[in-house]
Amino acid sequence: MTSLDTEAALRGRTSPGSKYVSLARTTLQQAIAYRITTFFNVGLTFIWVIILYYLWRAAYAGRASIAGLSWDQMRTYVVIAYGINALVGWRTGTAMMATIRTGDVVFGMVRPLNYCTTQLARALGFTVVEGGISMVFTLVIGLLFLHIQAPASVGSALLFVLALIIGFLTKMLVVFLVSLLTFWTLNGMGLMWSQQAIMQILSGTIVPLALMPGWLQVVAKVLPLRGIVSTPLEFYLGTASGWAGLGLLGLQAAWLVALWLISNLAWKRAFRIVEIQGG
Amino acid sequence: MVRPLRIFFRLQLVQLRSAMEYRADFWIAAVGAILQQLVSIVFLVTFFGHVSSLGGWSLWQILVLQGLVMTADGIREMFADGVWKLRADVNDGSFDRVLVRPISPALQQFAALASIHGIGNSSLGLVVMVLGLAHSGVVWTWWTVPVLVLTMLCGTVLTASISFLTNMIAFWEPSAQSAFPTLVALMRDFAKFPLDVYGAGIRIVVTVILPYGLISYYPSRLILGVGDSPGWWATTPLIAAAGSAAAAALVWRRGLNRYQGVGN
């Protein structure tokens, strides 16, 4: 081993950054071990892609556009929306809850690391696998069967990726906050169902924000969940540009900061009432 | 016939009592389950804000389809959710206990879990269905209500049988982690919309292989008077229920013969 390697290894042991990386690597290995399960978990969200495709196809028969979206755009929206929605999936949420349910959370409490960042790092490991499988589904279904459009331009593709990353972090924080509720209730399943359902509606996965009835649109437009699916897709399709696009990014970033602060406050509060099951 | 039924409800009651010890959990599960159902309803309401009909069906007529599927699945959840424990039971060997008792193993498995929150789903389903029927201009005849009730009951049998069948995978494939049964169960969502909009492949799957369409689309066409529908379509729920129950019984026997326990 050269002196340079030793130095790197030593630094690895002391800097907190690489500790989070190794946490992510552990969950990545777990996720790979359960890849078939992950495959079905991602696959079942795509049932709705098929349903929505056929429903919209019927709706567009004899019409050029609905609420400003063409049939090509709508098709693209549906496939990519579900692809993005599968990014932080069932496993991530249940894994976060499981640490609290089983009492493993004590390890999180005694580690000299930020609990919130720890959870995000672990989630990242799952997401690499979930995201990979989801991307394969999206590309196979999207390109082979539903013929989705390419991004509106190179610029919109870049903005899409940027918004996607912010949206991804937003979703992880929201899932993290929901998982903290397991400190108060033992029913993680019900929480996950609620979280999934609300997320599907308010992020614009089930239907684009622009089509929603007025009252729902108002709610969806101010909440952070739109940043997860709707905002990246608006950049992808090129429906948001100039000041409107800047506003969307600003809202996304502001919510991300707010959620980060709330999350850190919340887990400190939650730790105070912790009650470990069993003895 | 009466004795097994009595035992079944006694077992359910025991499960129910233990579940009601965690009252807050019940409410969280009920709300979560209802919210999941609301997703497709929010979609429908939004969708019909922009189009006036879907393949000749109005919003209210489609709500009847949604209601039928939701009610059937809600009742299944209440009385037969135990089949979802089968994989875990076979894996950790607690299925041995089921086999040594002098009651039908299938009956015990059905009652292994009381998901009382199914009451939320089935009530919401009923409300949605009644609302749909009230606004669809149904021509009420003497057979309308009997066919509706039959459809919901047969739907319960069908969804229970399919869940039972897919969970029996535990006898052949020991991994308890598979999401395959969930995938198959979720295919029922296809039957929440008129089958005419789908391509031929999906229509065949939800009519013949996983006949969710037989407990929603076909009887509904008859009741709502959408298009020309032959009278025998009133019996499609019976065909679905009988066929799926027979298949489940057959595979269950073979599965039981295969079961070897987990050793000590």
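This is a short talk on a structure with a chain A and a chain B, starting with chain B and ending with two loop residues of chain A.

Some ground rules. The model is predicted, so to speak of local features we need pLDDT of at least 70, side-chain atom pairs count only at pLDDT 80 or more, and totals for chains, interfaces and linings use all residues. Residues are numbered from 1 along each chain as its sequence is written, while chains are lettered from A and ligands numbered from 1 in the order in which they are written.

Chain B, then. Chain B has 13 helices and 0 strands. Helices here are DSSP runs of H or I with at least four residues, strands are E runs of at least two, and both are numbered from the N terminus. The radius of gyration of chain B, taken over C-alpha atoms, is 19 Å. The globule rule (2.2 Å times the number of residues to the power 0.38) gives 18 Å for 264 residues, so chain B is as compact as a globular protein of that length. Its C-alpha trace spans about 65 × 40 × 35 Å along the principal axes.

How much of chain B is buried? The figure is 46% of its 264 residues. Buried means 20 or more other C-beta atoms within 10 Å of the residue's own; exposed means 12 or fewer; partly exposed is in between; the C-beta atoms are placed from the backbone. On to contacts: two residues are in contact if their C-beta atoms, placed from the backbone, lie within 7 Å. Among the contacts in chain B with a separation of 6 or more, 79% join residues 24 or more positions apart.

Take helix 13 of chain B, residues 236-258. The expected span of a helix is 1.5 Å times one less than its number of residues. For these 23 residues that gives 33 Å, and the end C-alpha atoms are 33 Å apart, which agrees. Its buried residues include P237(B), A240(B), S244(B) and G255(B). Helix 8, helix 9 and helix 12 of chain B are among what covers them.

For contrast, look at A200(B), in helix 11 of chain B. A200(B) counts as exposed because it has 7 C-beta neighbours inside 10 Å.

Next, where the chains meet. 35 residues of chain B are in contact with 34 residues of chain A. On the chain B side, helix 2 and helix 10 each supply at least two residues. Helix 2 of chain B gives the most, with 16 residues. By class, that side has 24 nonpolar, 9 polar and 2 charged residues. Nonpolar covers Ala, Val, Leu, Ile, Met, Phe, Trp, Tyr, Cys and Pro; charged covers Asp, Glu, Lys and Arg; the others, Gly among them, are polar.

Over to chain A, and its helix 10, residues 188-202. Helix 10 of chain A reaches 21 Å from first C-alpha to last, close to the 21 Å expected. It is mostly covered, with 12 of its 15 residues buried. W193(A) is one of the buried residues. What do they pack against? Helix 5, helix 6, helix 9 and helix 11 of chain A, together with helix 2 of chain B. After helix 10 of chain A comes G204(A), with a positive phi near 85°.

Helix 6 of chain A has two crossings to look at. With helix 10 of chain A, the axes come within 11 Å and cross at roughly 150°. With helix 9 of chain A, the angle is about 35° and the axes are 9 Å apart. Axes are lines fitted to C-alpha atoms over the stretch in contact, and angles run from 0 to 180 degrees between N-to-C directions. The crossing with helix 9 of chain A is right-handed. G93(A) and M97(A) are among the helix 6 residues that meet helix 9 of chain A, and they are also among those that meet helix 10 of chain A.

Last, two loop residues. Most residues other than glycine have a negative phi. A67(A) has a positive phi near 50°. A67(A) sits in the loop between strand 1 and strand 2 of chain A, and is partly exposed, with 14 other C-beta atoms within 10 Å. H147(A) also has a positive phi, about 50°. H147(A) lies between helix 8 and helix 9 of chain A. Buried or exposed? H147(A) counts as exposed, with 11 C-beta neighbours inside 10 Å.

Key: Left-handed = near helix turned anticlockwise from the far one by under 90°.
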